[in-house]
Amino acid sequence: MKSLLLSAALLTAFAANAQTTDKPAAQATAAVTASTVAAQYSRLVYASYEDSLATAKALNAAILEFTAAPSAESLTKARKAWLDAREFYGQTEAYRFYAGPIDDKDGPEGRINSWPMDEAYVDYVVGKPKAGIINNPKVKITKKGLSGLNERGGEENIATGWHAIEFLLWGQDLSETGPGDRSFEDFVDGKKPNANRRRDYLKVVSELLVDDLTTVTKAWAPDAKNYRAKFEKAGTDAVRRMLVGVGSLSRGELAGERIEVALASQNQEDEHSCFSDNTHRDIVANATGIENVWLGRFKRADGTVLQGESLRDLVATKDAALAERATAHIAASVKAAGAIQPPFDREIVGAPDAPGRKRVQAVADALKLQSRDFVDAAKAIGIKKLTLSDEAEKK
């Protein structure tokens, strides 16, 4: 996304009954080094991509069940699977922005999570009953074909990924109080034109999502000649990449593009998951991913918690007060993210002092505040330059 000074971090609200071996805040030990922090980060990245892949496979299974026998019940099941899977993918976005396996020049991120989406590029919308790839029988619906069409002719021409699947499951969001309400009959032959192509499209993009997440997960697998192996040997530069990732997501992407742009436009089209009204959870998941990196901790889908050397611990070896301050600001940001009330597209509407807008603005403000802590943290551990422009040049 945009080049800018990086910074920031956020948090996770772990279930009260989760088992963890969490350390006291900002505990500094002689054993904490750039290498041990990078190694723990690799464990977290692999585990979270594993969970994201597993839940994406569950989504794919639900979609196959739905397309085999479309009904209100099977559509509801597929929608729930999408929502469940988003909780885990959203946390992985903290691993972007430094030209790693997800978004280097050959990375699949653009196929996975691009947005905002021009719905009419894929399927019919109100006033355009014949719009989209689905309603154009000349276009073959294959993984290769849809991958090639993704973002062709414009950044909003999204043909694949989470949001294409979301649109097909929910349809346009035409309600001020709830998400889209596409009928299962859109996928039933004889009920809607090109229902067979709509079923094929949904299956293909779901399978492609699984393929792309499989590729990224393998890049972080242990004991292999892959990106992870090189990353763990990078020492301080690996830590710099970690800070680039969480800093970019926190300040530029989350506070900027996903929150402040929507606040400025007050337009539903500028919210991240606009068809399902899941944007409030997207924000919490992103915040959780940033917190995972800062604390060296990740709560898995099965409830187990991974814990180890963290950025917080490494910073504490140089400046314990800074580590404590950043951790406190992160906690405040998580609390603010969790306070957003759905639907997000209603929260952003109104005067600046409207309660919903104040709740959303509080998240952006908290992210920007802690971004300064991240800049200070980088300096404390000897990293002098923390900008996205460097990463763009390496792609």
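Student: Where in the chain does Asn 194 lie?
Tutor: Asn 194 lies in the loop between H5 and H6, where helices (H or I, at least four residues) and strands (E, at least two) are DSSP runs, numbered from the N terminus. The model is predicted, so local features need pLDDT of at least 70, side-chain atom pairs count only at pLDDT 80 or more, and totals for chains, interfaces and linings use all residues. Residues are numbered from 1 along each chain as its sequence is written, and side-chain values use heavy atoms, with hydrogens and water left out.

Student: What makes the phi of Asn 194 worth a remark?
Tutor: Most residues other than glycine have a negative phi, and most peptide bonds are trans. Asn 194 is not a glycine, and yet its phi is positive, at about 60°.

Student: Why is Asn 194 called partly exposed?
Tutor: Buried means under 20% relative accessible area, exposed means over 50%, and partly exposed lies in between (1.4 Å probe, protein chains only). The relative accessibility of Asn 194 is 25%, which falls between those two limits, and therefore the residue counts as partly exposed.

Student: What can be said of the phi of Gln 266?
Tutor: Gln 266, which is not a glycine either, has a positive phi of about 55°, and its place is in the loop between H8 and H9. With a relative accessible area of 32%, Gln 266 is partly exposed.

Student: What makes the bond from Trp 115 to Pro 116 cis or trans?
Tutor: Its omega is near -10°, and the bond is cis; Pro 116 sits in the loop between helix H3 (109-113) and helix H4 (143-149). A cis bond also joins Pro 342 and Pro 343, with omega of about 0°, and Pro 343 belongs to the loop between helix H11 (320-339) and helix H12 (344-347).

Student: How many aromatic pairs are there?
Tutor: Rings of Phe, Tyr and Trp (its six-membered ring) pair if their centres lie within 6.5 Å, and planes under 30 degrees apart count as stacked, over 60 as edge-to-face and the rest as tilted. By this rule there are 13 aromatic pairs.

Student: Why is the pair of Phe 66 and Phe 187 called stacked or edge-to-face?
Tutor: The ring centres of Phe 66 and Phe 187 are 4.9 Å apart, and their planes stand at 70°, so the pair is edge-to-face. The pair links distant parts of the chain, since Phe 66 is in helix H1 (residues 34-68) and Phe 187 is in the loop between helix H5 (162-170) and helix H6 (195-219), 121 residues apart. Both Phe 66 and Phe 187 are buried.

Student: What makes Trp 220 and Phe 231 a pair of their kind?
Tutor: Their ring centres are 5.3 Å apart and their planes are at 70°, so this pair is edge-to-face. Trp 220 is in the loop between H6 and helix H7 (227-232), while Phe 231 is in H7, 11 residues apart. Trp 220 is buried, with a relative accessible area of 1%, and Phe 231 counts as buried at 0%. Tyr 41, Tyr 49, Tyr 95, Trp 220, Tyr 227 and Phe 231 form one aromatic cluster.

Student: How do you know that the length of helix H9 agrees with what is expected?
Tutor: The expected span of a helix is 1.5 Å times one less than its number of residues. The 17 residues of H9 (279-295) should therefore span 24 Å, and the end C-alpha atoms are 24 Å apart, which agrees. Of the 17 residues of H9, 16 are buried; one of the residues in H9 is Asn 286, which is buried with a relative accessible area of 1%.

Student: Why are H8 and H9 called roughly parallel or antiparallel?
Tutor: Axes are lines fitted to C-alpha atoms, for helices over the stretch in contact, and angles run from 0 to 180 degrees between N-to-C directions. The axes of H8 (residues 236-265) and H9 come within 10 Å and cross at roughly 160°. Angles under 35 degrees count as roughly parallel, over 145 as roughly antiparallel, 65 to 115 as roughly perpendicular and the rest as oblique, and H8 and H9 are therefore roughly antiparallel.
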